[in-house]
Amino acid sequence: MSSKVVTLTTENFETTALAANRTTVVDFWASWCPPCRALAPAIDALATEREDLVVGKLDVDAHPEVAEKYGVTGIPTVLVFRGGELAARSVGLVPIARLRELVEGKAEAIA
């Protein structure tokens, strides 16, 4: 995981992901999930190329209450928050181009 990707937990989710004045991208994942591992390089690349974003990963096994709160039932799921509000959702393995579209607001608001 890139040093620019923040590890999110139940304890720091609100202060790190929701209270950020920037757009936040959260990758809900688990270590046993092959598509999650396949998505990791795109998440790392996004964090490296877009320093204006907060990019984080949340392990759904370690922090299920956060996943439940946002209706994450399949992984990988990527959620985009703007001003602390859920703005976009993508479920499954997607290319970095799709992640960029979510961040830019060019994809459907909640998919």
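This is a short tour of a predicted model, with a few selections to make in your viewer.

**Stop one: a pair of helices**

Start by selecting residues 34–49, which form helix 2, and residues 96–104, which form helix 4. Two packed helices are described by the angle between their axes and the distance between the axes. Here the axes come within 9 Å and cross at roughly 50°. That angle makes helix 2 oblique to helix 4. Turn the view until one helix lies in front of the other, and look at the sense of the crossing: it is right-handed.

Now show the side chains where the two helices meet. On the helix 2 side, pick Leu39, Ala42, Ile43, Ala45, Leu46 and Glu49. Their partners in helix 4 are Ile96, Leu99, Arg100 and Val103. What classes of residue make up this contact of helix 2 with helix 4? Colour them by class and you will find 8 nonpolar and 2 charged residues, with no polar ones.

**Stop two: Glu104**

Stay with helix 4 and select Glu104, which is found in that helix. Is Glu104 buried, partly exposed or exposed? Its relative accessibility is 43%, so Glu104 counts as partly exposed. Setting aside neighbours within four places in sequence, Glu104 is in contact with Arg50 and Arg82. Add Thr23 to the selection as well: Thr23 and Glu104 are 81 residues apart in sequence, yet their C-alpha atoms are 9.7 Å apart in space.

**Stop three: Val6 in strand 1**

Next, move to residues 5–8, which are strand 1, and pick out Val6 there. Val6 is partly exposed, because its relative accessibility is 29% and that class lies between 20% and 50%. Which residues does Val6 touch, leaving aside those within four places in sequence? Select Thr16, Val55, Gly56 and Lys57 to see them. If you draw a distance from Val6 to Gly56, C-alpha to C-alpha, it comes to 4.3 Å, although the two are 50 residues apart along the chain.

**Stop four: Lys57 in strand 3**

One of those contacts of Val6, Lys57, is the last place to visit. Lys57 is found in strand 3, residues 54–59. With a relative accessible area of 6%, Lys57 is buried, since the cut-off for that word is under 20%. Show its side chain together with the side chain of Asp27: the two make a polar contact at 2.7 Å.

Technical notes: Residues are numbered from 1 along each chain as its sequence is written. This is a predicted model: local features need pLDDT of at least 70, side-chain atom pairs count only at pLDDT 80 or more; totals for chains, interfaces and linings use all residues. Side-chain values use heavy atoms; hydrogens and water are left out. Axes are lines fitted to C-alpha atoms, for helices over the stretch in contact, and angles run from 0 to 180 degrees between N-to-C directions. Helices (H or I, at least four residues) and strands (E, at least two) are DSSP runs, numbered from the N terminus. Angles under 35 degrees count as roughly parallel, over 145 as roughly antiparallel, 65 to 115 as roughly perpendicular and the rest as oblique. A crossing is left-handed if the near helix is turned anticlockwise from the far one by less than a right angle, and right-handed if clockwise. Contact means heavy atoms within 4.5 Å. Ala, Val, Leu, Ile, Met, Phe, Trp, Tyr, Cys and Pro count as nonpolar, Asp, Glu, Lys and Arg as charged, and the others, Gly among them, as polar. Buried means under 20% relative accessible area, exposed over 50%, partly exposed in between (1.4 Å probe, protein chains only). A polar contact is a pair of N or O atoms within 3.5 Å; within protein, one must be able to donate a hydrogen and the other to accept it, and residues adjacent in sequence count only if both atoms are side-chain atoms.
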